[in-house]
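Biologist: I'd like to learn how to read a model like this one feature by feature. Could you take me through it?

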Amino acid sequence: MAHLASRRTRALTLPVGLALVASLGFLPAATATAAPTGAPATATPRTDGPKLSYVVNTGTGRAAVKQVEKAVEQAGGTVVISYEQIGVIVAHSQNPAFGETIRRVRGVASAGATRTNPIVPQATKDVGAIAQPLTEAQAAAAAAAATADEDPLEPLQWSLPAIKADKAHQKSLGSKRVTVAVIDTGVDDTHPDLAPNFDRAASVNCVTGAPDTTAGSWRPAAGESDHGTHVAGTIAAAKNGFGVTGVAPGVKVSGIKVSTPEGLFYTEAVVCGFLWAAERGVDVTNNSYYTDPWLFACKNDADQGALVESLTRAVKYAERKGTVNVAAAGNARHDLAARTIEDRTSPNDTEPVTRTIDPRVCPDIPTMLPGVVTVAATGAKGLKSSYSNYGKGVIDVAAPGGDSTVYQTPEPPAVNGLILSTLPGGKFGYKAGTSMASPHVAGVVALIKSRHPYAPPAAVKVLLGLQADAKACGEPYDYNGDGVIDAVCEGGKSYNGFYGAGVVDALDAVRW
């Protein structure tokens with residue numbers, strides 16, 4: 001989920017001018033805080049402040065939520081939507097004291113602004129680095145090299161044999177009863193490689209925090225990011241004699257759009273996305289982003305802590321409903337298990353400040369939340385990608401996310417070290433990042449669910465780890481060969497900070 005134009009994601013700085021798109025990462029998070037007592041002030045609330053969005057965490061159930069909804073209105077807020085299942089209210093307010101006021105209300109566990117920039121109508125504009133386009137010459141060469149069992153562009157997809165997906169497809173393409181939701185920038189379901197497998201009933205636009213089921217609302221608008229469409233193709237592009245092939249080309253894929261036109265993923269939208277997936281029986285969610293505006297959201301801050309709590313509730317609820325949540329680890333080369341990390345990009349919707357955080361107190365969400373499968377990226381030579389975050393005890397598994405050919409060059413006929421997938425408008429192109437690694441894992445999880453349809457999320461995650469191909473740390477990590485160690489891999493072959501339990505194995509996913 002990295003791109004060069006938007007501050008919401010990490011830009012991948014690699015040689016030869018590659019603009020690489022990717023994702024982010026995270027770890028176990030917070031529990032609900034004790035509910036404060038008191039009541040909102042009786043004075044007429046101010047309305048002269050910036051219009052902000054808030055999440056208010058309450059007790060679960062209709063009665064508890066309704067009681068706090070009244071307090072929200074008394075404090076100068078407007079309820080956008082309430083998720084009684086998890087006790088989260090999304091509200092807007094122009095009262096500068098709204099957060100402080102509502103946190104004193106009996107029955108409120110925590111509350112916080114989801115942004116530092118006022119809610120304003122936003123013009124559609126391009127976000128993110130444009131994918132490297134597939135050339136006609138590359139497409140023709142790939143089609144000439146493709147076997148009868150391969151889609152025309154499959155010879156360029158070095159990432160499929162890297163996880164044995166090509167062999168897995170000889171046994172199973174996955175079940176149509178399994179759906180993977182792409183919680184992202186939107187999915188172009190009209191793409192010929194996505195249309196056969198698209199699940200419209202499980203698709204929605206959640207950008208405001210409330211679900212919009214208008215037909216096509218889940219698609220990226222003109223000029224918006226192609227990120228979600230690329231991710232969807234990696235998971236479930238159809239094996240149909242056209243274009244590329246997904247890791248699980250027989251399963252369904254849906255689009256849950258949660259990013260603003262400027263590419264910002266706010267808490268209320270992400271909460272909506274998880275709840276929508278959970279209530280519609282989605283089997284897997286892919287999350288190749290971090291929740292704006294904080295790269296690391298600190299639980300000891302009143303506003304940021306409320307965001308962590310809301311998303312923790314949403315993720316746990318989705319898992320209780322049977323969903324396995326997969327997320328990208330991030331592209332900043334951070335050791336997410338370190339005691340301290342310097343964050344220079346938050347908040348990314350106004351003016352960022354430099355701060356030193358403890359990732360155990362300030363997790364990167366949703367990836368560092370409990371139960372989420374956290375994915376690191378590898379390149380064409382199977383080594384940790386130069387940009388990928390890592391960390392022992394944080395990374396669960398690894399998968400291909402691509403890297404510069406300066407560092408890791410694929411074997412012919414593949415000519416590009418990045419990941420080839422679908423783009424809006426029926427096109428194809430290359431991107432790289434942990435954003436591209438995460439959907440490989442989501443695809444493998446979908447194959448496991450196809451094989452074991454009644455397995456609960458905990459069992460699926462155990463199988464995912466057991467079937468991964470263990471990978472040792474290897475030689476000291478000096479990816480650019482300048483004699484300086486660029487990252488330290490801690491742990492043994494069976495589990496370490498670079499690869500977790502190992503690189504995922506699609507073949508074992510369909511035969512175990």
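Modeller: Let's go through sheets, burial, salt bridges and a surface patch in turn. First the ground rules: this is a predicted model, where local features need pLDDT of at least 70, side-chain atom pairs count only at pLDDT 80 or more, and totals for chains, interfaces and linings use all residues. Residues are numbered from 1 along each chain as its sequence is written, and side-chain values use heavy atoms, with hydrogens and water left out.

Biologist: Fine. How do I read a sheet, and what is the strand order in the one with 4 strands?

Modeller: Start with the terms. Helices (H or I, at least four residues) and strands (E, at least two) are DSSP runs, numbered from the N terminus. Two strands pair if DSSP finds at least two bridges between them. Here the 4 strands make an open sheet ordered β4-β5-β3-β6, and the pairing is antiparallel. Because β4 and β6 stand at the edges with a single partner strand each, one side of each has no neighbour in the sheet. From one strand to the next, the twist averages 20°; angles like this run from 0 to 180 degrees between N-to-C directions, with axes fitted as lines to C-alpha atoms (for helices, over the stretch in contact).

Biologist: And how many bridges join β3 to β5?

Modeller: There are 6 bridges between β3 (residues 52–58) and β5, and the two run antiparallel. To find your place, look at S53, which stands opposite H92 in β5.

Biologist: Now the edge strand β6. Is V108 buried or exposed?

Modeller: The general idea is relative accessible area: buried is under 20%, exposed is over 50%, and partly exposed is in between (1.4 Å probe, protein chains only). V108 sits in β6 (residues 108–113) and counts as buried because its relative accessibility is 0%. Its C-alpha atom is 9.3 Å from that of A64, although the two residues are 44 apart along the chain.

Biologist: What is the strand order in the sheet of 3 strands?

Modeller: That open sheet goes β7-β18-β17, with antiparallel pairing. β7 and β17 (419–423) are at the edges, each with a single partner strand, so one side of each is left without a neighbour in the sheet. Between β7 and β18 (residues 427–431) there are 2 bridges, in the antiparallel sense. P133 has G429 in β18 as its bridge partner.

Biologist: Which side chain does Q132 contact?

Modeller: Q132, in β7 (residues 132–133), has a side-chain polar contact of 3.1 Å with N416. A polar contact is a pair of N or O atoms within 3.5 Å; within protein, one must be able to donate a hydrogen and the other to accept it, and residues adjacent in sequence count only if both atoms are side-chain atoms. Q132 counts as buried because its relative accessibility is 19%.

Biologist: On to charges. How many salt bridges are there?

Modeller: The rule is a side-chain nitrogen of Lys or Arg within 4 Å of a carboxyl oxygen of Asp or Glu. That gives 21 salt bridges. One of them joins R62 and E84 at 3.5 Å, N to O. This pair links distant parts of the chain, 22 residues apart: R62 is in helix α1 (residues 62–74), and E84 is in the loop between β4 (77–83) and β5 (88–93). R62 counts as exposed at 55%, while E84 counts as partly exposed at 25%.

Biologist: Which residues are linked with K164 in a network?

Modeller: K164, D469 and D505 are linked in a network of salt bridges. Within it, the closest N and O atoms of D469 and K164 are 3.2 Å apart. Those two are 305 residues apart: D469 is in the loop between α10 and α11 (506–511), and K164 is in the loop between α4 (159–162) and α5 (165–168). D469 is partly exposed at 28% relative accessibility, and K164 is partly exposed with a relative accessible area of 28%.

Biologist: Last feature. Which residues form the nonpolar patch?

Modeller: Patches use residues with over 30% relative accessible area and no salt bridge; like charges are joined within 9 Å, and nonpolar side chains (Val, Leu, Ile, Met, Phe, Trp, Tyr) within 5 Å. Areas come from the Shrake-Rupley method with a 1.4 Å probe, and for residues only the protein chains shown count as cover. Here V462, L466 and W512 form the surface patch, with about 320 Å² of accessible area together. L466 belongs to helix α10 (residues 457–467) and counts as exposed at 55% relative accessibility.
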